[in-house]
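Here is my note on the structure, as promised. Have it open beside you while you go through the points.

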Amino acid sequence: MLELHDVNSYYGKAHILSDLGFSVGRGEVAALLGRNGAGKTTTMKSVMQLVRPRSGEIRFDGTSLVGLPSHKVARLGLGYVPEERRIFSDLTILENLEVGRQPRRQGAPNWKVETLFELFPNLWERRHNRGKALSGGEQQMLTIARTLMGNPKLLLLDEPSEGIAPVIVEQMAHTIVRLKQEGLTVIISEQNLHFARMVADRAVIIEGGEKKFDGSFPELEAQPEIRDAYLSV
Ligand code: ATP
């Protein structure tokens, strides 16, 4: 569904992604793993064309994304949840969800407000509260729910377990597993190997913007030297 080939991305003169390539299949949950500064966010931004790769190819269902404006990338069915939660703090939860609404998309789960509240029961309880009254974890859930209102085919979640209470981390893991069951393809970026293992089918490890490992979690566990070299556990 998503393929990256030899992607090179820069911030000014700083070369961040070096010949990065990996692919994600339909219905798969892939975890992009690596330490702080490894290039996970830059990879997601490169897919969304928020960072323009200087070379390489990124294809989604066969369509090249390189050079498209980011809103067109989103319209093709890619939903991006950045690490910094972007909710509208003066709007209620319900209003925040309405902002994300997009028409139904062929080949993607069709989300309704009611189904999203089943997925995020905490949000239902607080549906008339304004965004600013929510905890960090609830804001994270709301950002995901609002992105789902756009009926994406592929969801990119940047560090979903970062900075939220342990009990919410558990809920987040269940939610991602549910999204997979609904047929959504998901890429998460994570530093937390334990969380990634709970939700993902596959791990892609990057360090210094280069791919260092691509395989299943049992394969990764069989190579502890890779884990020790590239992940903080
Ligand atoms: P984190 O967990 O901190 O988000 P990450 O793996 O997502 O880490 P990136 O945010 O992609 O890493 O950062 C990769 C490298 O790019 C880092 O060295 C970072 O300092 C640098 N970088 C990130 N954003 C910018 C920017 N806007 N301008 C210049 N350098 C940047």
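1. Let me start with a charge over a ring. In this predicted model, the charged end of arginine 127 sits over the ring of tryptophan 124, at 3.6 Å from the ring's centre. Tyrosine 10 has a partner of this kind too: arginine 54 lies over its face, 3.9 Å from the ring centre. As for rings paired with rings, a search of the whole structure turns up one aromatic pair.

2. Next, please look at the open sheet. Six strands build it, in the order E6-E7-E8-E3-E9-E10, and their pairing is mixed. At the edges are strand E6 (78–81) and strand E10 (210–215), each of which pairs on one side only. On average, neighbouring strands of this sheet are turned by 15° against each other, direction ignored.

3. One strand pair in that sheet is worth following by eye. Strand E3 (residues 29–33) runs with strand E8 (residues 185–190) in the parallel sense, and five bridges join the two. To find the register, take valine 29, which stands opposite valine 186 in E8.

4. Now to the charged pairs. How many salt bridges does a search of the whole structure find? The count is 16. One of them joins glutamate 28 to arginine 202, with the closest N and O atoms 2.9 Å apart. This pair links distant parts of the chain, 174 residues apart: glutamate 28 is in the loop between strand E2 (14–24) and E3, while arginine 202 belongs to strand E9 (residues 202–207). Both glutamate 28 and arginine 202 are buried.

5. Arginine 202 has a further partner. It also forms a salt bridge with aspartate 214, where the closest N and O atoms are 2.8 Å apart. Here the link runs from aspartate 214 in strand E10 to arginine 202 in strand E9, 12 residues apart. Why do the two ends fall into separate burial classes? Arginine 202 counts as buried because its relative accessibility is 14%, under the 20% cut-off. Aspartate 214 has a relative accessible area of 32%, so it is classed as partly exposed.

6. Please treat these charges as a group when you inspect them. Glu28, Arg202, Lys211 and Asp214 are linked in a network of salt bridges.

7. Another salt bridge brings together the side chains of lysine 132 and aspartate 90, at 2.6 Å from N to O. This pair also links distant parts of the chain, 42 residues apart: lysine 132 is in the loop between helix H5 (121–125) and helix H6 (136–148), and aspartate 90 is in the loop between E6 and helix H3 (93–99). Lysine 132 is exposed, because its relative accessible area is 53% and the class begins over 50%. Aspartate 90, at 46%, is therefore partly exposed.

8. Last, a loop residue. Is asparagine 151 buried or exposed? Its relative accessible area is 1%, so it is buried, and its place is in the loop between H6 and strand E7 (154–158). Its side chain has polar company: one of its polar atoms lies 3.4 Å from the backbone oxygen of glutamine 102. The side chain of asparagine 151 also reaches the backbone oxygen of proline 103, at 3.4 Å.

Notes
Residues are numbered from 1 along each chain as its sequence is written. This is a predicted model: local features need pLDDT of at least 70, side-chain atom pairs count only at pLDDT 80 or more; totals for chains, interfaces and linings use all residues. Side-chain values use heavy atoms; hydrogens and water are left out. Rings of Phe, Tyr and Trp (its six-membered ring) pair if their centres lie within 6.5 Å; planes under 30 degrees apart count as stacked, over 60 as edge-to-face and the rest as tilted. A charge sits over a ring if NZ of Lys or CZ of Arg is within 6 Å of the ring centre and within 35 degrees of the ring normal. Two strands pair if DSSP finds at least two bridges between them. Helices (H or I, at least four residues) and strands (E, at least two) are DSSP runs, numbered from the N terminus. Axes are lines fitted to C-alpha atoms, for helices over the stretch in contact, and angles run from 0 to 180 degrees between N-to-C directions. A salt bridge is a side-chain nitrogen of Lys or Arg within 4 Å of a carboxyl oxygen of Asp or Glu. Buried means under 20% relative accessible area, exposed over 50%, partly exposed in between (1.4 Å probe, protein chains only). A polar contact is a pair of N or O atoms within 3.5 Å; within protein, one must be able to donate a hydrogen and the other to accept it, and residues adjacent in sequence count only if both atoms are side-chain atoms.
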